[in-house]
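Please consider the structure shown below, which the following paragraphs explain step by step. The account moves from a single strand residue to the packing of the interior, the aromatic contacts and the principal pocket.

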Amino acid sequence: MPSSLHMTTKHDAIIIGAGHNGLVCANYLARAGLKVLVLERRHIVGGAAVTEEIAPGFRASIFSYLMSILHPRIQTDLNLRAHGLTVMPCSDMLSPLGDDYIIFSDDVRRTQTSFSRFNKADADIYPEFDRALADTTEVFRKLLWETPFDPTKRDWKTFKQAAGFALRNRKYGRKFFDVAKLVTMSAYDFLSEWFEDDRIKAVLAYYASIGTFAGPRSPGSAYVILHHIIGENAGAGGWGFIRGGMGAISESLASAARANGVEILTDAGIKRIETPMGRVGCVVTTDGQTFSAPVVASNANAKILFFDLVGADNLPEEFVRDLNGYRTMSTAFKMNIAAERPPQYACLPRANRDRALGNWNYPTYVHVAPDIDYLERAYDDAKYGGYSRNPFITPVVPTIVDDTLAPAGKHVVNLFGGHAPYKLRDREWSCERDNFQKTVLDTMDAFAPGFSDDIIEAQMLLPEDIERIVNLPQGHIFQGELSTDQLFNFRPVPHWADYRTPIGGLYLCGASVHPGGGVSGIPGYNAAREILRDLGKKSNMRFAS
């Protein structure tokens, strides 16, 4: 049933969208004493981090499917464990190679041992590579919390921001070239400086294609590897499961928010944001309710906010032109499957004989892409307007560790992969949807024979479905490409990357701003910090000074 909320007095802050970043922002504002209202378009909180039923008795993480970068600081600050958040283990990542396999683990020795079966030199160099990547990751982990400044400004405030940034990050200056290489090189070229075997390179290059319209040989794709392994949780790449699915993250954030006095109104789509005299005035919902506050923070994508809710006529021409160029074209797809059993990979008997997965009988986390050329060809198909004839696929099986998602003895299998472009060049998805689903399942069957026969029910989500359901333009899971020209002080547009906007009192708190997509909560955290700073509220939030 729709939530109900009578017309209230003026709030201190309104959050548009109850995705995880919006809820994080709401929590920190409320903790600082603000009266906060959250307005959510759907019937459920969470945005892309939701758990819903896909078949009788089967519940799945519909969009985001693994927990990686929800920052421990946020979990601790908001005491999310007390509000129901339980992180569960994920097995080492298994990469099937026919009846053989590669293991990628956060245990360097286990990864090294697996690599050594294919290339001794690659195995020998891996610990040094791991240390070098960890050093660079340390730089980016600190940059996550920074507010991007506008280097073109010449005022005293900007000078102080730049000086503070330089002071906080002075010890990382010696790593400048490592960072520069990572954000400009292709994943393939970057990894080729370390490794010889293309199967081993593919283990890491795979991350460069997740959720992005790029191949491992695309310039700038090396950074996307780091973005996916920047999490600080246990497991290969920092991955883990949430008991109850990804929606449990959102529910714990909503529970914490309510405990902090936040009001959350669902089924409250936004019709427009009124901006008299260049400042936020009030927010009008699609059912005619009006709410006012001096601060409005939007978890919605920047294009949705400014073009659909504010209106281009109310914005500077340069801003509109830059935002039009912000790239959101997605090629990611998702399948949520109710299954009789986990995928029976052809390599599993050998992996179990080798005890390669330790105490795990089945891998919870798999990458289907045996080498670099496989990844590049999947991109090539999409680059020329088609869908991948042999898509790369991430199958995960949360029910191996979580018994809350399926009936006893049954399983939920999430398939995420690419590439399936938002628009096909010379065909319509309405004609090709079934063919593409067959392509995905044929690919799975090639690596896990008989997988299709074990399917009870399946839900296919193409970019157009993701756009329709959770309002992400062109279905982009990161709310915009993670390319060099769309990172840090370019995200979403130059001059407006500091969570503020050309409209006074209007802020961005979602993945359209630094540090981008993924279930991290950091955009919401950083936006709350800047809002409190503008309101003159004291805060102990990171980098608040």
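**A guided reading of the model**

With a relative accessibility of 26%, Gln459 counts as partly exposed, because the buried class ends at 20% and the exposed class begins over 50%. The model discussed here is a predicted one. Gln459 belongs to strand S17, which covers residues 455-461. Setting aside residues up to four places away in sequence, Gln459 touches Ile54, Ile62, Lys334, Met335 and Asn336. For one of these contacts the separation along the chain is 405 residues: the C-alpha atoms of Gln459 and Ile54 are nevertheless 7.0 Å apart.

Ile62, one of the residues touched by Gln459, leads to the nonpolar interior. Which residues touch the most other members of the largest nonpolar core? They are Leu29, Ile273 and Phe306, in a core of 168 residues. Leu29 is in contact with Ala13, Ile15, Leu34, Val36, Ala528, Ile531 and Leu532, again without counting residues up to four places away in sequence. A second core, separate from the largest, has 17 residues, among them Ile62, Phe63, Ala338 and Val470.

Phe306, named above for its contacts in the largest core, is also one of the buried residues of helix H11. Seven of the nine residues of this helix are buried, and H11 is therefore largely enclosed by the rest of the structure. The buried set consists of Ala302, Lys303, Ile304, Leu305, Phe306, Leu309 and Val310. These residues pack against strand S10 (270-274), strand S13 (295-298), helix H12 (317-324) and strand S18 (506-508).

Helix H8 may be read in a similar way. Six of its eight residues are buried, so H8 too is largely enclosed by the rest of the structure. The buried residues are Ile200, Lys201, Ala202, Val203, Leu204 and Ala205. In the loop between H8 and H9 lies Ser221. Is Ser221 buried or exposed? Its relative accessible area is 3%, and Ser221 is therefore buried. Apart from neighbours within four places in sequence, Ser221 is in contact with Met185, Ser186, Ala187, Ala208, Gly215 and Pro216.

The next topic is the aromatic side chains. Two rings pair when their centres lie within 6.5 Å, and planes over 60 degrees apart count as edge-to-face. By this rule the model contains 19 aromatic pairs. In one of them, the ring centres of Phe115 and Tyr126 are 5.2 Å apart and the planes stand at 75°, so the pair is edge-to-face. This pair links distant parts of the chain, with Phe115 in helix H3 (residues 108-116) and Tyr126 in helix H4 (residues 120-143), 11 residues apart. Phe115 and Tyr126 are both buried. Phe129 and Trp194 form another edge-to-face pair, with 5.4 Å from centre to centre and 75° between the planes. Here too distant parts of the chain are linked: Phe129 lies in helix H4, and Trp194 lies 65 residues away in the loop between helix H7 (187-192) and helix H8 (198-205). Phe129 counts as buried because its relative accessibility is 3%, whereas Trp194, at 22%, counts as partly exposed. Ring pairs join Phe115, Tyr126, Phe129, Phe190, Trp194 and Phe195 into a cluster.

Helix H4 also contains Ala121. With a relative accessible area of 37%, Ala121 is partly exposed. Between Ala121 and Thr212 the distance is 31 Å from C-alpha to C-alpha, and the two are 91 residues apart in sequence.

Rings also take part in contacts with charged groups. The charged end of Arg117 sits over the ring of Tyr101, at 4.6 Å from its centre. Likewise, the charged end of Lys423 sits over the ring of Tyr422, at 5.4 Å from its centre.

The final topic is open space. The largest pocket holds about 930 Å³ of space. Its lining comprises 48 residues, and those nearest the pocket centre are Gly47, Ala48, Leu472, Ile477 and Gln479. The elements that give two or more residues to this lining are helix H1 (20-31), helix H9 (222-229), helix H11 (302-310) and helix H16 (463-470). Helix H11 thus appears in two parts of this account: as a largely enclosed element, because seven of its nine residues are buried, and as a contributor to the lining of the largest pocket.

Note on methods. Residues numbered from 1 in each chain as written. Predicted model: local features only at pLDDT ≥ 70, side-chain atom pairs only at ≥ 80, totals over all residues. Heavy atoms only, no water. Phe/Tyr/Trp six-rings, centres within 6.5 Å; stacked < 30°, edge-to-face > 60°. Helix = DSSP H or I, 4+ residues; strand = E, 2+ residues; numbered from the N terminus. Buried < 20%, exposed > 50% of the residue type's maximum accessible area, 1.4 Å probe, protein only. Lys NZ or Arg CZ within 6 Å of the ring centre and 35° of its normal. Core = buried A, V, L, I, M, F, W, Y, C linked by side-chain atoms within 4.5 Å. Contact = heavy atoms within 4.5 Å. 1 Å grid on protein atoms, 1.4 Å probe; cavity = no way out; pocket = protein on both sides within 12 Å on 5 of 7 lines; lining within 4 Å. Points joined across faces, edges and corners; volume = space filled by probe spheres on them.
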